[in-house]
Amino acid sequence: MGDGAAHGVRLRYVVETEPLGTAGGVRNAVDLVRGLVVVLNGDILTDVDLSAMLRFHAERASRATLYLTRVSDPTQYGLVELDPGGAIRAFIEKPPPDRVTTDTVNAGLYALDRSVVAAIPTGRAVSIERETFPELLRDGVPFFGWVSDGYWLDIGSPAKYRQGQLDLLAGKVATEVTPPGTGAEGRRVAPDAWIAPGSALTAPCVIGAGSRVEAGSRVGPRAVLGARCVVGAGARVEGAVLWDGVNVGPGAVLRDCIIGTNARIGRNAHLGPGAVLADGAVVAEDARL
């Protein structure tokens, strides 16, 4: 992301020399911010209307507002209970089925007044979920939950990360950003990608800049190729996410997996559902994973 100039914004970075927790890390950066502080967890994918949430925050004179989303199985999450006016009444951590009182959970996006963040202790790790938020409740600070039914996914595991990629391909996430290049019926191909005659691209799929798809190979459906990938002759890539610079050998089969940057997949190797390769990994010819 650099300094943000390419995206029309100005970015600055603050580094924690030691892990400071979910609240301590925010407090560590607060001197860069004036007024309202917006905190977004980095491991969620969402198309939430942030402007609507900030309007809600202002209209209620809230000092802290949490974005809440509804889930089908509340027992796997920390629940947030609201009163009829939207004020937060209680936090319930992963309750058993007989103690579930709501289906709304903390979705990892907060609007916090500067004074709330400034009150977080410095010099030690602090949890925003276990310390900061309960203290706001105890002190009677105006504290609200804003519920949205927009798309939301915790992508903190490889399986959920891959699901997020496929949901983007399927159009389930509202976004103004589309991959560069030409598109036809759900296929997005970078202008400088090379697609050999006799190969097949099946939608939905994305082919990144400078990538090569050799003759007789098949890419898609539900495949994402980063920049400078090579799919060898007769290879098959389906339901897979390939980062930049991946080389897939001739005849190899990649299905429902995630491949890190600059990985090398040998000739006729097979990688099946759930396989995750680190950057620079090498898979031998004819291997099965």
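# Cores, sheets and unusual backbone angles

Q: Which residues does isoleucine 259 contact, leaving aside its neighbours within four places in sequence?
A: Contact means heavy atoms within 4.5 Å. With the neighbours within four places in sequence set aside, isoleucine 259 has these partners: Val241, Leu242, Trp243, Val246, Leu254, Ile265, Leu271 and Leu277.

Q: What kind of model is this?
A: Residues are numbered from 1 along each chain as its sequence is written, and side-chain values use heavy atoms, with hydrogens and water left out. Local features need pLDDT of at least 70, side-chain atom pairs count only at pLDDT 80 or more, and totals for chains, interfaces and linings use all residues, for the model is predicted.

Q: How many residues does the largest nonpolar core have?
A: A nonpolar core is a set of buried Ala, Val, Leu, Ile, Met, Phe, Trp, Tyr and Cys residues joined through side-chain atoms within 4.5 Å. Buried means under 20% relative accessible area, exposed means over 50%, and partly exposed lies in between (1.4 Å probe, protein chains only). Ile259 is among the residues with the most contacts inside the largest core, and the core's residue count is 29.

Q: Which strands each supply at least two residues of this core?
A: Strands (E, at least two residues) and helices (H or I, at least four) are DSSP runs, numbered from the N terminus. Two strands each give the core at least two residues: E13 (205-207) and E16 (223-225).

Q: How many residues are in the second, separate core?
A: Val26, Val39, Val116 and Ile128 are included in this second core. Its residue count is 21.

Q: Why does valine 246 count as buried?
A: Valine 246 sits in the loop between strand E19 (241-242) and strand E20 (247-248). Its contacts beyond four places in sequence include Cys229, Ile259 and Asn262. Valine 246 counts as buried because its relative accessibility is 0%.

Q: What distance separates the C-alpha atoms of valine 246 and cysteine 229?
A: The two residues are 17 residues apart along the chain. In space, their C-alpha atoms are separated by 4.7 Å.

Q: What is the strand order in the open sheet of six strands?
A: Two strands pair if DSSP finds at least two bridges between them. In this sheet the pairing is parallel. Strand E11 (194-195) and strand E26 (282-283) each have a single partner strand, so one side of each lacks a neighbour in the sheet. The order is E11-E14-E17-E20-E23-E26.

Q: Which residue in E20 is the bridge partner of valine 231?
A: Strand E17 (residues 230-231) runs parallel to E20, and two bridges join them. Across from valine 231, the partner in E20 is valine 248.

Q: Which strands stand at the edges of the five-strand sheet?
A: This open sheet has the order E12-E15-E18-E21-E24, with parallel pairing. Each edge strand has a single partner, so one of its sides is left without a neighbour in the sheet; the edge strands are E12 (200-201) and E24 (270-271).

Q: Which residue in E15 stands opposite alanine 200?
A: E12 and strand E15 (residues 218-219) pair in the parallel sense over two bridges. Opposite alanine 200, in E15, stands arginine 218.

Q: Which residues of helix H4 are buried?
A: The buried residues of H4 pack against several elements, including helix H1 (21-29), strand E3 (64-70) and strand E7 (143-147). In H4 (residues 128-139), those residues are Ile128, Thr132, Phe133, Pro134 and Leu136.

Q: Which residue in E7 is the bridge partner of threonine 65?
A: Four of the five residues of E7 are buried. Five bridges join E7 to E3, and the two run parallel. Threonine 65 has as its partner in E7 phenylalanine 144.

Q: Is glutamine 165 buried or exposed?
A: Glutamine 165 is found in helix H5 (residues 158-169). Beyond four places in sequence, glutamine 165 contacts Val224 and Val241. Its relative accessible area is 18%, so glutamine 165 is buried.

Q: What is omega for the cis peptide bond joining glycine 220 and proline 221?
A: Most residues other than glycine have a negative phi, and most peptide bonds are trans. Proline 221 lies in the loop between E15 and E16. The bond from glycine 220 to proline 221 is cis, with omega about 5°.

Q: What is the phi of arginine 222?
A: Arginine 222 also lies in the loop between E15 and E16. At 33% relative accessibility, arginine 222 is partly exposed. Arginine 222 is not a glycine, yet its phi is positive, about 60°.
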